[in-house]
Amino acid sequence: MTGVPLRIATDKRLGAYHFGPGHPFGPGRMAAFLEALDELELAYEALPLAEADTATLTRFHAREYVERVQSLAGTGAPLDLGDTPAVPGIDGAAKRVVGTVAAAVDDLLAGRVRRAFVPIAGLHHGQRDRASGFCVYNDCGVALETLLAAGVAPVAYVDIDVHHGDGVYDSFETDPRVIFADIHQDGRTLFPGTGAAEAQGKGAAHGTKLNVPLPPGADDDAFVEAWERIEAHLERHQPKVIVMQCGADGLAGDPLASLRYTSKTHASAARSVRILAERWAEGRLLALGGGGYDLSNIAAAWTAVVREIA
């Protein structure tokens, strides 16, 4: 496999995806990551910013929903039940998230890069026809649909965000080409209320989906023990590309959740996924920042990821 080892999206404009200083998904997330990244001595190339057009968005989303977002842009009206408002600039910012992720997928498919990291991305709650949980568009879903349309299968989606990736699970629940593995805080204790261990896919896809809920207070040791199931699941299905959502909200002190990881969890998970990608996917790994609502935790978790995948 040729291509540079790693590209990271470092354009500060990616950080325009937020809902204002009074919102949990506020400004400062990109800046916190970039400041920490500057302190690392990593060899990487910058992944240029790109903006998704309607054709790219509708690889995953319903056209009617895309048009609704555009029509409400800047009004402040809720795009879901209220957590995801159409604040000024959010439509363009969301398109840049999706466009940059789609560009990273194109780089992977063309062999220009082996691994990529997009910090403001991993908006895994967005459904095909609606926003949810701070997620206007689901860049994870667009990435997976792009890979499948290129004939790459199976593809793996691995999610270590504290919240279950329901927008991805629901959308690919019956698709056996998507190998889904999600370790998260038990949905009976926080949003979005999904991700039970019994949710294993339906029809021909039964068994291709793995959900591993952890109890509130679970720490690094609990994660490592549960992670063995994730590794075995991925080994069993031998994916051709891996998409990993690296949410930082499982670290102790996050205001929206109750797990107690340290950044060692993100380092160990990223190392494991990188090795699996080298074994089965020609090294092709796309990592997405995901959630996280404490800026110091974001910096620690995401730099732990990029250290390992570099």
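**Exercise 1. Is Glu-235 buried, partly exposed or exposed, judged by its relative accessible area?**

Before the solution, two remarks on the model. This is a predicted model, in which local features need pLDDT of at least 70 and side-chain atom pairs count only at pLDDT 80 or more, while totals for chains, interfaces and linings use all residues. Residues are numbered from 1 along each chain as its sequence is written, and side-chain values use heavy atoms, with hydrogens and water left out.

Solution.
Step 1. Apply the cut-offs: buried means under 20% relative accessible area, exposed means over 50%, and partly exposed lies in between (1.4 Å probe, protein chains only).
Step 2. The relative accessible area of Glu-235 is 26%, so Glu-235 is partly exposed.
Step 3. Turn to its partner: the side chains of Glu-235 and Arg-279 meet in a salt bridge (2.0 Å, N to O). A salt bridge is a side-chain nitrogen of Lys or Arg within 4 Å of a carboxyl oxygen of Asp or Glu.
Step 4. Because Arg-279 lies in helix α8 (residues 263-280) and Glu-235 in helix α7 (residues 220-237), the pair ties together parts that are 44 residues apart in sequence. Helices (H or I, at least four residues) and strands (E, at least two) are DSSP runs, numbered from the N terminus.
Step 5. Arg-279 has 45% relative accessibility and therefore counts as partly exposed.

**Exercise 2. Describe the salt bridge of Glu-145 and that of Glu-173.**

Solution.
Step 1. Glu-145 pairs with Arg-128 at 2.8 Å, N to O. This pair links distant parts of the chain, 17 residues apart: Glu-145 is in helix α5 (residues 139-149), and Arg-128 is in the loop between β3 (113-118) and α5.
Step 2. Glu-145 counts as buried because its relative accessibility is 17%; Arg-128, at 26%, counts as partly exposed.
Step 3. Glu-173 pairs with Lys-202, and their closest N and O atoms are 4.0 Å apart. Here, too, distant parts of the chain are linked, 29 residues apart: Glu-173 is in the loop between α6 (166-172) and β5 (178-185), and Lys-202 is in the loop between β5 and β6 (209-214).
Step 4. With 18% relative accessibility Glu-173 counts as buried, whereas Lys-202, with 48%, counts as partly exposed.
Step 5. For the wider setting, the structure holds 14 salt bridges. Arg-7, Glu-45, Asp-107 and Arg-112 are linked in a network of salt bridges.

**Exercise 3. Locate the cis peptide bonds before Pro-154 and Pro-192, and the positive phi angles of Phe-134 and Glu-282.**

Solution.
Step 1. Recall the background: most residues other than glycine have a negative phi, and most peptide bonds are trans.
Step 2. The bond from Ala-153 to Pro-154 is cis, with omega near -5°; Pro-154 lies in the loop between α5 and β4 (155-159).
Step 3. Phe-191 and Pro-192 are joined by a cis bond with omega about 0°, and Pro-192 lies in the loop between β5 and β6.
Step 4. Phe-134, although not a glycine, has a positive phi of about 75°. Phe-134 is placed in the loop between β3 and α5 and counts as buried at 9% relative accessibility.
Step 5. Glu-282, also not a glycine, has a positive phi of about 55°. Glu-282 lies in the loop between α8 and β8 (285-288) and is partly exposed, with a relative accessible area of 44%.

**Exercise 4. Which residues touch the most other members of the largest nonpolar core?**

Solution.
Step 1. A nonpolar core is a set of buried Ala, Val, Leu, Ile, Met, Phe, Trp, Tyr and Cys residues joined through side-chain atoms within 4.5 Å.
Step 2. The largest core has 101 residues, and Tyr-17, Val-136 and Leu-286 touch the most other members. Helix α4 (residues 90-110) gives the most to this core, with nine residues.
Step 3. Residues up to four places away in sequence not being counted, the contacts of Tyr-17 include Phe-25, Ile-90, Val-97, Phe-134 and Val-136. Contact means heavy atoms within 4.5 Å.

**Exercise 5. Where does Leu-144 lie, and is Leu-144 buried or exposed?**

Solution.
Step 1. Leu-144 lies in helix α5.
Step 2. Its relative accessibility is 0%, so Leu-144 counts as buried.
Step 3. Not counting residues up to four places away in sequence, Leu-144 touches Val-155, Tyr-157, Val-168, Phe-172, Val-178 and Val-243.
Step 4. Leu-144 and Pro-239 are 95 residues apart in sequence and 12 Å apart in space, C-alpha to C-alpha.
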